[in-house]
Structure formats: structure tokens, C-alpha cells
Amino acid sequence: MIDLRSDTVTRPTPGMRQAMATAEVGDDVYGDDPTVNHLERRVADLLGMEAALYVPSGTMSNQIALRVHCQPGDEFLIEAESHVLRYEQAAYAQFFGLSAWPVTTADQVLTPELLAPHVRPQSIHAPCTRLISLEQTHNRGGGSVIPYDSIERVCQWAREQGLVRHLDGARLWNAAVATGISPADWAQHFDTVSVCFSKGLGAPVGSALCGPRTVIERARRVRKALGGGMRQAGLLAAGALYALENHVERLAEDHANAKRLAAAIAATDGLALDPPHVDTNIVIFSVDEKLGTAAEFVSRLAELGVAVNANGPQKVRAVTHLDVSTEQIDEACSIIAGVMSHESVGSR
Ligand SMILES: *Cc1c(COP(=O)(O)O)cnc(C)c1O
């Protein structure tokens with residue numbers, strides 16, 4: 001199977017497994033795990049932040065950030081297609097008494113003009129607007145890189161409004177490699193930044209929440225309350241450290257593979273890239289409804305050995321990563337062309 005469902009499907013490489021097998025460990029809830037401590041120091045340095053906290057998932061990282069910045073009755077502003085809204089079960093409402101006000105955009109790029117009408121007046125009748133949350137790269141936006149200037153501008157505006165700025169940087173590494181702008185350059189505009197090790201970097205488990213020392217100390221308490229205090233987590237952190245040292249620069253290969261796949265899709269009748277550009281490792285495209293649904297297309301491809309996900313009634317998402325080679329991308333392209341040469345994409 002050529003598995004293009006997500007960059008989360010990657011398995012640890014032999015080198016990574018070796019690093020994990022030989023990691024020094026201790027009880028991280030006591031702060032005794034040298035490998036976790038090393039990872040937290042390393043990722044904080046890479047992002048130019050004072051401190052970092054290793055957490056089991058990107059979802060936990062984002063939710064902890066919302067918890068430490070906001071009080072019950074607070075509201076945050078966030079782009080309507082963001083991961084925090086679409087894929088995290090409104091955990092901020094379930095557990096922390098927070099509300100989100102989704103802001104609709106044409107291109108996932110938040111601006112002061114779009115946000116300003118959503119800032120609540122100070123009033124006994126209204127929740128308190130506390131924070132803005134951005135996403136880089138933008139997952140449902142097709143792995144798009146939110147332009148640097150727009151981030152600088154919207155974060156400057158938010159600072160002037162007294163709003164906290166959080167970045168869901170699950171794929172910030174991809175944005176950094178695609179643009180040549182360092183993770184620290186992106187991160188400097190935010191109070192906290194969440195990054196994932198288990199996406200394109202290929203580590204089996206974990207994310208980190210990065211920010212000022214006092215914020216991260218409070219985040220450490222929240223992590224424990226959520227059941228995210230892990231003991232000899234150095235085994236896992238070693239995979240993340242290995243990924244930081246060995247798997248960041250190679251993301252450029254995934255981006256090249258995504259562009260290769262996108263070019264083939266763009267050249268295929270009945271398929272259209274949506275968005276039309278591919279910035280990083282995610283390719284989203286639509287299937288002409290005259291030929292069938294995304295779900296039918298996905299199951300037909302699966303029968304032929306290519307796994308992708310439906311992302312909407314007509315939309316399909318394919319993601320490149322370190323477990324798919326350029327040869328496999330070419331094979332996937334010819335399988336897709338074969339399916340599209342028929343009058344319907346359904347099974348037959
Ligand atoms: C994957 C992802 C996350 C975190 O997902 P987990 O599965 O909880 O690790 C957060 N934000 C974005 C944009 C993501 O793509």
C-alpha cells in the first residue's frame with residue numbers, strides 16, 4: 001500500500017529505533033528524564049523560546065495552551081477551518097469553559113480587518129476576547145504557508161489589542177523548510193507555539209508546547225491534570241530528538257514529491273487542485289461530481305493500492321512523507337490516471 005492518508009503514518013526508521021532503544025531515561029514527572037529534558041531544551045532553543053514541554057499529542061499541546069492563557073468565560077478567535085476547531089472535539093469547551101469565535105476567510109489568512117469585528121466590547125453581557133490562534137502550515141488549507149508579512153501584521157495588531165497569540169505549528173517545520181525562514185523567526189511573533197514531532201518529522205509520539213518559562217511551568221501542571229504526565233518518556237523523546245537532528249531538512253523531498261503528485265493531478269481530466277498551489281507536503285484536490293464522490297474515488301484507489309482520505313464530499317487529501325519514495329509517487333500518479341480514464345471513479 002502506498003499510504004498517502006497522512007504524514008502521521010510514518011514509522012520510526014532503524015536509526016531512530018536505535019536512538020530510542022539506547023536512550024537514557026528517568027521519571028519525567030519528577031523531572032528526572034535526561035532525554036526529555038534534552039528534547040525540551042533543544043526545541044525551545046530552535047524556536048527561540050525560554051522553555052518547552054513535551055506532551056503526548058498536538059491536540060493536548062493546543063488545549064493546554066488555551067487553558068493556560070484563558071479563564072472560563074473567555075473567548076478566542078480562530079480561523080474557521082483550523083485543526084483546533086475541526087478536529088479537537090471543542091475540548092476547550094468540554095474541559096475549560098472557553099468559547100471560540102470562528103473567523104471565516106477566503107484563503108485561511110487572518111487579518112486585523114477580518115478579526116476586528118470579532119473582538120468583544122468590554123461588557124457584562126459579553127465573553128472576554130482573550131487570544132488569537134493561528135495555524136502554520138494550514139492543514140485544511142492544503143498545507144499552505146501563511147505568509148510571513150501577514151503573520152507579522154496580525155500579531156502586531158493583536159499585541160496592540162492586548163490579545164495573547166498562540167500558534168498551532170504542528171507543521172511549522174514544513175513552513176520553515178519551504179520558505180527558508182527559521183522556526184525561531186516565525187515563533188517570535190507568538191506567546192506560545194505548539195510543534196509536532198509525529199507528523200512529517202517521523203517520530204512515533206509527541207509534540208511540544210513552547211513559550212515563556214512561567215507559562216510553561218503552568219502548562220506542566222495542566223499536562224499532569226489531563227493525564228499527560230509520562231514516566232520514562234525519554235524512550236519516546238529520543239525519537240523526537242533524532243527526528244529534529246535528521247528529518248527536518250529532508251522535508252524538502254516531501255515537498256518536491258507533493259509538487260510532482262500535484263502536477264499529475266492538475267493534468268488529469270476530472271480532477272482539480274483545490275487550492276491550486278502546493279506549498280508543502282499536502283495536496284488537496286476535488287473529484288468532478290459527474291464521475292462520482294470523493295468516498296468512491298478513495299475506495300477505488302484503496303483497491304488499487306493507494307490510500308488517501310476524503311476531505312469533503314468531493315475533496316480528497318493526499319500527504320507525502322518520509323515513508324513514500326518518488327518512485328511510489330509516480331506509481332500513485334499512474335494508478336490515479338488509470339482510475340480517471342473511466343467514466344466513473346467507483347468500483348466495478
Ligand atoms: C495533526 C495536527 C495537530 C495535532 O494532532 P495530534 O493528532 O493530536 O497530534 C494539531 N494541529 C494541526 C494543524 C495538525 O495537523
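**Exercise 1.** In this predicted model, determine why Phe285 counts as buried, and classify Phe297 by the same criterion.

*Solution.* Step 1: the criterion for a buried residue is a relative accessible area under 20%. Step 2: Phe285 has 1% relative accessibility and therefore counts as buried. Step 3: Phe297, at 0% relative accessibility, counts as buried.

**Exercise 2.** Classify the aromatic pairs Tyr54–Phe197 and Phe285–Phe297 by geometry, and locate their members in the chain.

*Solution.* Step 1: the structure contains 5 aromatic pairs. Step 2: among them, Tyr54 and Phe197 have ring centres 6.2 Å apart and planes at 45°, a tilted arrangement. Step 3: Tyr54 belongs to strand S2 (residues 51–55), whereas Phe197 lies in the loop between S7 and strand S8 (207–211), 143 residues apart. Both Tyr54 and Phe197 are buried. Step 4: for Phe285 and Phe297 the centre-to-centre value is 5.9 Å and the interplanar angle 85°. Planes over 60 degrees apart count as edge-to-face, so this pair is edge-to-face. Step 5: Phe285 is in strand S10 and Phe297 in helix H13 (residues 294–303), 12 residues apart.

**Exercise 3.** Establish which strands stand at the edges of the sheet that contains S10, and which helix packs on this sheet.

*Solution.* Step 1: the open sheet has 4 strands in the order S9-S10-S13-S12, with antiparallel pairing. Step 2: S9 (271–273) and S12 (309–310) each have a single partner strand, so one side of each lacks a neighbour in the sheet. Step 3: S10 (residues 282–287) and S13 (residues 315–319) are joined by 5 bridges; Val283 has Ala318 in S13 as its bridge partner. Step 4: helix H12 (residues 251–266) packs on the sheet, touching S9, S10 and S13, and its direction makes about 15° with that of S10.

Conventions. Residues are numbered from 1 along each chain as its sequence is written. This is a predicted model: local features need pLDDT of at least 70, side-chain atom pairs count only at pLDDT 80 or more; totals for chains, interfaces and linings use all residues. Side-chain values use heavy atoms; hydrogens and water are left out. Two strands pair if DSSP finds at least two bridges between them. Helices (H or I, at least four residues) and strands (E, at least two) are DSSP runs, numbered from the N terminus. Contact means heavy atoms within 4.5 Å. Axes are lines fitted to C-alpha atoms, for helices over the stretch in contact, and angles run from 0 to 180 degrees between N-to-C directions. Rings of Phe, Tyr and Trp (its six-membered ring) pair if their centres lie within 6.5 Å; planes under 30 degrees apart count as stacked, over 60 as edge-to-face and the rest as tilted. Buried means under 20% relative accessible area, exposed over 50%, partly exposed in between (1.4 Å probe, protein chains only).
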